[in-house]
Amino acid sequence: MSEPFARFTLGVSATLTWGEPQPSPELATLVSNARSHAWSPAELDWSRAVDPREPAAANAVLARVLEYPVQDDAALVGQVLFHTNLHLLSQTLHGEQGALLGAAALVAALPDLEAKTFAATQVNDEARHVEALGRYLSEVCGARYAPAPGLKTLFGQVFPSSRWELLLLAVQLMIEPLALAGFKWLRVSNSRDPLFADLLQRIYRDEARHVAFGLRLLKPVYADLDEATRREHQQFAIEVARQLSAAFAFDEVRKNLSLGPEWATWAACSRGATTLKRLLFSKIVGTLQKVGLYSATVQAAFEQLGVLGPFAQLVELDPEPASGIDVLPDALRSQREEVLAQALEQARERRAQKGQR
Ligand SMILES: [Fe+2]
Ligand SMILES: [Fe+2]
């Protein structure tokens, strides 16, 4: 059995409902989609994985996009890129476990049976995400980072909350949209791996459904809220954002690779690192706007965190993964197919060589 990294007290109360269910076509569709789109990690073709440590032709382009303090040291660029993505993916895995716990708490706490039913499908989804991402980290990456301090603090703030609305706000409208945006970046930067693309596409579709569920439940709540409670929820959202921002400072990567002080400066205030963080937050702004929580105070707090910028516009939540990687810089987009084809060819050759031995 794996060691627990932290214990939390759940603050919500469990509810049972005896009344006649109040059918909601929107929730019924979400439940039906969850059932018909269910998948298993075993369905993925794990033999197609491309080693993410291998030097990629795209690395130099990504290093320029992120404005790494070194550009010419290809080996170091490859290492930093691999570890930055490994860190992001590891935090996503730990976040998935948080979402699993959050969904289970929602099953208990939500007052409406149909909403409980959807949350139950989400429990199944999140357990699948934990299993699939964990397997990818173990089998393909061969390593993982521990939960960042900001993530632990975040869980410590979210789970003891006694109101399901706050749990829903943090998990469905902030943590999950951040993961959705993170997947876009991961697909860009690890675009050579068809297994990874397949995995993220499946998780992305599930997560988009979870976000839609959060919006469906919270929109009416926030449309009818007194001003003092609204301010309390906004303050909570600011705190969640603060911890999420801290969780993706990549400090652990710098320490792990014994990188020099120029990397601390890069992580703290470079245009490249800021751009990545803005991308991660881009969907959070959209969901908060959609439920009417994105006030001038929230905006000012986000500005202070440095998470608003070119990527922070309202992003439509598409139930399907974006056809593209709409964040991809032109220079990289034109190379993507070529790089992917090269990687597949190399993987085929390696498998053929292994087969001959
Ligand atoms: Fe998930
Ligand atoms: Fe989710």
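The following exchange concerns a predicted model of a protein chain.

Reader: How many helices and how many strands does the protein chain have?

Author: From the N terminus on, every element in the run α-α-α-α-α-α-α-α-α-α-α-α-α is written as α. The protein chain accordingly has zero strands, and its helices number 13.

Reader: What percentage of the contacts in the protein chain with a separation of 6 or more comes from residues 24 or more positions apart?

Author: The protein chain has 357 residues, of which 40% count as buried. Among its contacts with a separation of 6 or more, the share from residues 24 or more positions apart is 86%.

Reader: Is Thr29 buried or exposed?

Author: Thr29 belongs to helix 1, which covers residues 25-36. A residue counts as exposed if 12 or fewer other C-beta atoms lie within 10 Å of its own. Thr29 has 12 such atoms within 10 Å, and therefore Thr29 is exposed.

Reader: How far apart are the C-alpha atoms of Thr29 and Phe118?

Author: Thr29 and Phe118 are 89 residues apart along the chain. The separation of their C-alpha atoms is 9.8 Å.

Reader: Are helix 3 and helix 6 roughly parallel or roughly antiparallel to each other?

Author: Helix 3 (residues 74-109) and helix 6 (residues 164-189) have axes that come within 10 Å and cross at roughly 150 degrees. Angles over 145 degrees count as roughly antiparallel. The two helices are therefore roughly antiparallel.

Reader: How many residues of the contact of helix 3 with helix 6 are nonpolar?

Author: Helix 3 contributes residues including Leu81, Leu88 and Ala99, and helix 6 contributes others, among them Trp164, Val171 and Ile175. In this contact, seven residues are polar and one is charged, while the nonpolar residues number 14.

Note on methods
Residues are numbered from 1 along each chain as its sequence is written. Chains are lettered from A and ligands numbered from 1 in the order in which they are written. This is a predicted model: local features need pLDDT of at least 70, side-chain atom pairs count only at pLDDT 80 or more; totals for chains, interfaces and linings use all residues. Helices (H or I, at least four residues) and strands (E, at least two) are DSSP runs, numbered from the N terminus. A residue is buried if 20 or more other C-beta atoms lie within 10 Å of its own, exposed if 12 or fewer, and partly exposed in between; C-beta atoms are placed from the backbone. Two residues are in contact if their C-beta atoms, placed from the backbone, lie within 7 Å. Axes are lines fitted to C-alpha atoms, for helices over the stretch in contact, and angles run from 0 to 180 degrees between N-to-C directions. Angles under 35 degrees count as roughly parallel, over 145 as roughly antiparallel, 65 to 115 as roughly perpendicular and the rest as oblique. Ala, Val, Leu, Ile, Met, Phe, Trp, Tyr, Cys and Pro count as nonpolar, Asp, Glu, Lys and Arg as charged, and the others, Gly among them, as polar.
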